[in-house]
Amino acid sequence: MNAPTTRRRTVAQALVEFLAHQYTERDGRRHRLIGACWGIFGHGNVAGLGQALLESGDALPYLQGRNEQAMVHAAVGYARQCDRLSAQAVTTSIGPGATNLVTGAALATVNRLPVLLLPGDVFATRPADPVLQQLEVPHAGDVSVNDALRPVSRYFDRVTRPEALIPAALQAMRVLADPVDTGAVTLALPQDVQAEAYDWPEEFFADRVWRVPRPAPDAEALAEAVRLIRAARRPLLIAGGGVHHAEAEDALRDFAGATGIPVASTQAGKGSLRHDHPADVGGIGHTGTATADALAREADLVIGVGTRYTDFTTASSTLFAAPGVRFVNLNIAAFDSHKLGAAALVADARAGLEALGAQLSGHRVAPAYEAGYTAAKQEWERRVDAAYAAPDDSVRPSQTQVLGVLDALVDDTDVVINAAGSLPGDLHKLWRARSRRQYHLEYGYSCMGYEIPAAIGVRLAAPGRPVWALVGDGTYLMNPTEIVTAVQENLPFTLVLLQNHGYASIGGLSEQTGGERFGTAYRFRAGDGTYTGAPLPVDLAANAASLGMHVIRAATVAELRAALGEARGAKRPTCVYVETETADTVPGAPEAQAWWDVPVAETATRPAAVAARQAYDRQAAGRRRHL
């Protein structure tokens with residue numbers, strides 16, 4: 001009887017070879033599960049995974065980053081652009097390299113986007129204790145800083161023996177490929193174990209395909225959903241990110257076209273329908289359109305498709321105000337399907353929409369309802385036009401006018417990326433999404449510093465598409481370093497850098513909640529110790545240029561139009577720098593159409609806070625539980 005065939009490899013070598021042979025498959029199309037590995041090397045991974053990646057050559061491409069958190073953001077941008085069917089790995093040293101992963105891991109898990117984290121860890125055999133960068137916990141000898149990744153990981157394991165890698169690696173791939181459980185997956189790798197050799201079974205290195213299913217809805221649940229939809233007089237569908245992840249846009253378009261049910265979108269779901277589809281009524285919730293929010297207040301049935309119902313979507317549980325409103329939730333995750341006391345339809349978004357459409361054949365909303373939301377949509381489009389318009393080309397543009405110039409330039413192929421500040425609200429209300437992956441807003445975690453590395457990830461996933469990272473000055477100062485990575489890897493994208501001299505979004509929120517914009521402006525401290533209203537002597541455009549970007553400064557609307565046009569065709573990373581007009585007399589995006597719950601001090605001495613609390617109590621009185 002022949003002995004099983006084995007290969008002698010170190011743990012790191014075996015893991016890299018294993019990752020190179022993992023695939024996902026959906027609808028008969030196969031994808032590399034792990035497309036590349038980002039890494040910054042230090043003690044803890046340089047002699048383990050670093051050596052293994054060098055030895056593997058092109059089997060698992062290596063990408064060099066500058067900041068560990070940013071590497072995770074880049075991997076997340078890549079995974080989202082790939083509809084979660086392909087992901088990337090990130091390796092770091094022990095200590096600060098590992099803890100820098102935590103924010104990126106939280107972002108990935110909150111947004112349910114796959115990323116594989118491979119942080120180095122302290123010695124499993126403890127030849128010296130402590131080692132450099134080791135956290136000593138007096139009551140627990142098996143704790144390291146990597147344990148900080150446990151609560152933000154969908155799967156976590158520490159591989160303390162070579163043979164333990166086999167089950168750990170298989171579980172890691174299972175979670176990465178699971179449309180319900182996916183998120184950050186962490187395999188902590190002690191530095192001595194990475195370098196230890198072992199005789200691995202040949203089967204560990206065989207091609208392995210992880211099939212991503214499209215579960216169909218249960219027949220009884222489907223019948224109940226159909227009954228509720230047929231009985232509704234004012235139904236509204238909310239498209240969430242699950243529509244994109246399931247590639248269900250065509251099914252949604254057919255469903256909306258056949259039934260006439262209006263479709264609003266969350267930040268993650270925007271673009272599920274083209275902006276000019278008759279049923280598309282724009283964003284919903286605190287940053288939504290007047291059209292969508294008015295429909296939500298009057299809806300007698302809300303059909304949620306692939307949405308988590310965050311507080312921005314529900315206006316902190318005040319938006320769905322009709323006394324007898326019911327919910328039907330189509331979601332691949334049972335956890336989300338049962339929210340708001342809904343009739344749960346646990347299924348893949350595409351499979352579920354197709355099943356609903358087949359059962360609702362011939363059903364359509366009343367003509368008066370359709371005519372009403374069509375007229376409201378047209379009125380909102382006029383408000384968008386007004387926000388985008390500048391009085392003439394010689395003026396300094398406002399933030400919304402910057403969006404208007406970009407809106408006039410892009411086509412279906414462009415990807416617009418943003419995550420934090422005041423831009424998400426303006427984009428959700430105003431942006432006219434033209435294709436399924438044009439609108440790329442990370443708003444589950446709303447992480448400042450996401451946009452530039454995410455642009456790199458999107459370019460790696462979709463090399464032929466123009467990519468725009470829209471960034472305010474506050475976000476830019478958080479994390480500009482991956483500009484160097486884009487320059488090094490020759491990954492053209494355009495950074496649109498908006499300078500408004502402060503944390504504008506939180507400044508506005510502070511004012512609304514009685515904080516009087518405290519701590520949100522960038523103010524210059526003069527020699528006598530006082531703060532003035534003068535802008536800081538900081539040149540962000542010069543900083544971007546120093547990191548290797550081609551920089552175009554635009555002072556007027558006309559210059560901005562020319563700069564964006566030049567940047568879109570650029571063959572190198574390019575920054576368009578524009579100082580935006582912030583005067584109150586400049587038209588901006590329409591105000592928020594729905595509430596957001598940010599608690600205000602119950603007692604205070606300053607009049608602004610007292611007035612803000614009174615307004616808060618009025619709004620909070622509209623909260624309700626949907627049971």
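Two strands count as paired when DSSP finds at least two bridges between them. With that in hand, a good place to start in this predicted model is strand β18, residues 415–418, which runs parallel to strand β20 (residues 467–472) and is joined to β20 by 3 bridges. One contact to look for here is Val416, which stands opposite Trp468 in β20. Strand β18 also pairs with β19 (residues 439–441), again in the parallel sense and over 3 bridges. In that pairing, Asn418 has Leu441 of β19 as its bridge partner. Together with α17, the strands β18 and β19 make up a β-α-β unit, and the unit is right-handed.

What about the two faces of β18? Both are covered. Val415 and Ile417 sit on one side, Val416 and Asn418 on the other, and all of them are buried. This fits a general pattern: in a regular strand, side chains alternate between the two faces of the sheet.

Next comes an open sheet of 6 strands. Reading across, the order is β14-β13-β12-β15-β16-β17, and the pairing is parallel. Strands β14 and β17 stand at the edges with a single partner strand each, so one side of each has no neighbour in the sheet. Ignoring direction, neighbouring strands of this sheet are turned by 20° against each other on average. At one end of the order, β16 and β17 pair in the parallel sense over 4 bridges, and Val328 has Ala343 in β17 as its bridge partner.

Another open sheet is built from 3 strands in the order β3-β2-β11, this time with mixed pairing. Its edge strands are β3 (29–32) and β11 (208–211), which pair on one side only. From one strand to the next, the twist averages 35°. Strand β2, covering residues 22–26, pairs with β3 in the antiparallel sense over 4 bridges. To find this pairing in the structure, look for Glu25, whose bridge partner in β3 is Arg30. In sheets generally, strands pair through backbone hydrogen bonds, either parallel or antiparallel.

Helix α1 (residues 11–19) is worth a look too. How many of its 9 residues are buried? The count is 9 of 9, so the helix is largely enclosed by the rest of the structure. Nonpolar names such as Val11, Leu15 and Phe18 are among the buried residues, and the buried set also includes Gln13 and Glu17.

Then there is the empty space inside. Rolling a probe the size of a water molecule over the atoms shows where such space is left. Searching the whole structure turns up 3 cavities of 30 Å³ or more. The largest has a volume of about 180 Å³. It is lined by 21 residues, and those closest to its centre are Lys270, His275, Asp280, Gly282 and Glu381. Which elements supply at least two residues each to this lining? They are β14 (280–283), α15 (367–388) and α17 (423–430). Helix α15 gives the most, with 4 residues. Strand β14 thus turns up twice in this account, as an edge of the parallel sheet and as a supplier to the cavity lining. By class, the lining of the largest cavity holds 7 nonpolar, 7 polar and 7 charged residues.

The second largest cavity contains about 70 Å³ of space. Its lining includes Arg26, Asp83, Arg84, Leu176, Asp178, Val212 and His245. Sorted by class, the lining residues come to 6 nonpolar, 2 polar and 4 charged.

Finally, a few spots in the backbone deserve a mention. The peptide bond from Asp129 to Pro130 is cis, with omega near 10°. Pro130 is found in the loop between β7 (115–121) and β8 (155–158). Ser316 has a positive phi, near 50°, in a residue other than glycine. This serine belongs to the loop between α12 (311–314) and β16 (326–331). Is Ser316 buried or exposed? Its relative accessible area is 7%, and because buried means under 20%, Ser316 counts as buried. Leu340 also has a positive phi, near 60°, and lies in the loop between α13 (334–337) and β17 (343–346). With a relative accessible area of 21%, Leu340 is partly exposed.

Note on methods:
Residues numbered from 1 in each chain as written. Predicted model: local features only at pLDDT ≥ 70, side-chain atom pairs only at ≥ 80, totals over all residues. Heavy atoms only, no water. Axes fitted to C-alpha atoms, helices over the stretch in contact; angles between N-to-C directions. 1 Å grid on protein atoms, 1.4 Å probe; cavity = no way out; pocket = protein on both sides within 12 Å on 5 of 7 lines; lining within 4 Å. Points joined across faces, edges and corners; volume = space filled by probe spheres on them. Nonpolar A, V, L, I, M, F, W, Y, C, P; charged D, E, K, R; others polar. Buried < 20%, exposed > 50% of the residue type's maximum accessible area, 1.4 Å probe, protein only. Right-handed = clockwise from strand over helix to strand, strands pointing away.
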